[in-house]
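Dear colleague,

I am handing over the structure below, and my notes on what was found in it follow directly after it. Please read them with the coordinates open.

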Amino acid sequence: MSIFLQVGDLTGFSFFLASMALLAATIFFLLERRSVHRKWGLSLTIATLITGIAALHYHYMKHAWLLSSTSPTEIRYIDWLLTVPLMCIEFYLILRALGHASRHILYRLFGYSIGMLLFGYLGETLLIEPMLGFGVGLIFWGLIIFEVFKGEAAKAMELSSHLMLKSSFKLLRLFILIGWAIYPLGYYFGVSGGTELLNVAYNLADVINKIGFSLVIYLLARADSQIDSQITT
Ligand SMILES: *C/C=C(C)/C=C/C=C(C)/C=C/C1=C(C)CCCC1(C)C
């Protein structure tokens, strides 16, 4: 085994690509910090943490893959356990900017995402029957979807008349519905199709969901900051 990427190692390729893309996104958000108003500082910090934490984990995952060609399941789930709750906080911060945040929404999103990841982990490591972990994980994902499309979070968002914040919220929840669907698909087909398929799917999903999601937050923060500076000047 070598620590170099071998010709034809598509999975290794996707680890390198995800690692570099996440690093680039992190540097971009750090450099762009001054282009947003202070009130968006916390949202941008969290967006930077989402890509930054993942970039660091990908550094380790890529090495683990090159050395062993096995799924770096533990590192991956540690990454998700940190970054998915941070994504929940981003929803909460938008609701707070809309003036309709409740902490219960945040706690529910935390609880559902931890449940989803816990059962995914237990199934993937065969500590429980893989399809049981999958099924329970799906239920928790469904609860997250319900919360942001029909539940209290969605209702709180609808109460506001701030169009730009509302459309960003609607865009972000599409990541949860569509972008996040790649994960259970990867799990389902990976369990029978093998670790390569599983890891390529997860790597692709992480690039789309972490960079795309954070970029929407950055664009919202920048657009809203420009409106503010037009009013004050
Ligand atoms: C940055 C990391 C993200 C956004 C990770 C998201 C992970 C999921 C949406 C995982 C979902 C799963 C299920 C819905 C069923 C069980 C298996 C999982 C954990 C892969």
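Leu138 is found in helix 5, in what is, as should be said at once, a predicted model. With a relative accessibility of 33%, Leu138 counts as partly exposed, because that value falls between the 20% under which a residue is called buried and the 50% over which a residue is called exposed. Although Leu138 and Pro184 are 46 residues apart along the chain, their C-alpha atoms are separated by 7.6 Å.

Helix 5, which runs over residues 130-149, is also the place of Glu147. Is this Glu147 buried or exposed? Its relative accessible area is 3%, so Glu147 is buried, the limit for that term being under 20%. Two partners of its side chain can be named: the side chain of Arg108, which is joined to that of Glu147 by a polar contact of 2.8 Å, and the backbone nitrogen of Ala153, which the side chain of Glu147 reaches at 3.0 Å. When neighbours within four places in sequence are left aside, the residues in contact with Glu147 are Ile105, Arg108, Leu109, Tyr112, Glu152, Ala153 and Ala154.

Next comes the interior space. A search of the whole structure for cavities of 30 Å³ or more finds one, and the volume of the largest cavity is about 310 Å³. Its lining is made up of 20 residues, of which Trp80, Met116, Leu117, Tyr183 and Pro184 are the closest to the centre; Pro184 is thus both one of these residues and the partner of Leu138 in the C-alpha separation of 7.6 Å given above.

Which helices supply at least two residues each to the lining of the largest cavity? They are helix 3, helix 4 (103-124), helix 5, helix 8 (182-193) and helix 9 (195-232), and helix 5, with five residues, provides the largest share of that lining. By residue class, the lining of the largest cavity divides into 14 nonpolar, four polar and two charged residues.

Helix 3 deserves a separate remark on its geometry. With 26 residues, from 73 to 98, helix 3 reaches 38 Å from its first C-alpha to its last, which is close to the 38 Å expected at 1.5 Å a residue. The residue that follows helix 3 is Gly99, and its phi is positive, near 85°.

With best regards

Definitions and conventions
Residues numbered from 1 in each chain as written. Predicted model: local features only at pLDDT ≥ 70, side-chain atom pairs only at ≥ 80, totals over all residues. Heavy atoms only, no water. Helix = DSSP H or I, 4+ residues; strand = E, 2+ residues; numbered from the N terminus. Expected span 1.5 Å × (residues − 1). Buried < 20%, exposed > 50% of the residue type's maximum accessible area, 1.4 Å probe, protein only. Polar contact = N/O pair within 3.5 Å; in protein donor to acceptor, adjacent residues only side chain to side chain. Contact = heavy atoms within 4.5 Å. 1 Å grid on protein atoms, 1.4 Å probe; cavity = no way out; pocket = protein on both sides within 12 Å on 5 of 7 lines; lining within 4 Å. Points joined across faces, edges and corners; volume = space filled by probe spheres on them. Nonpolar A, V, L, I, M, F, W, Y, C, P; charged D, E, K, R; others polar.
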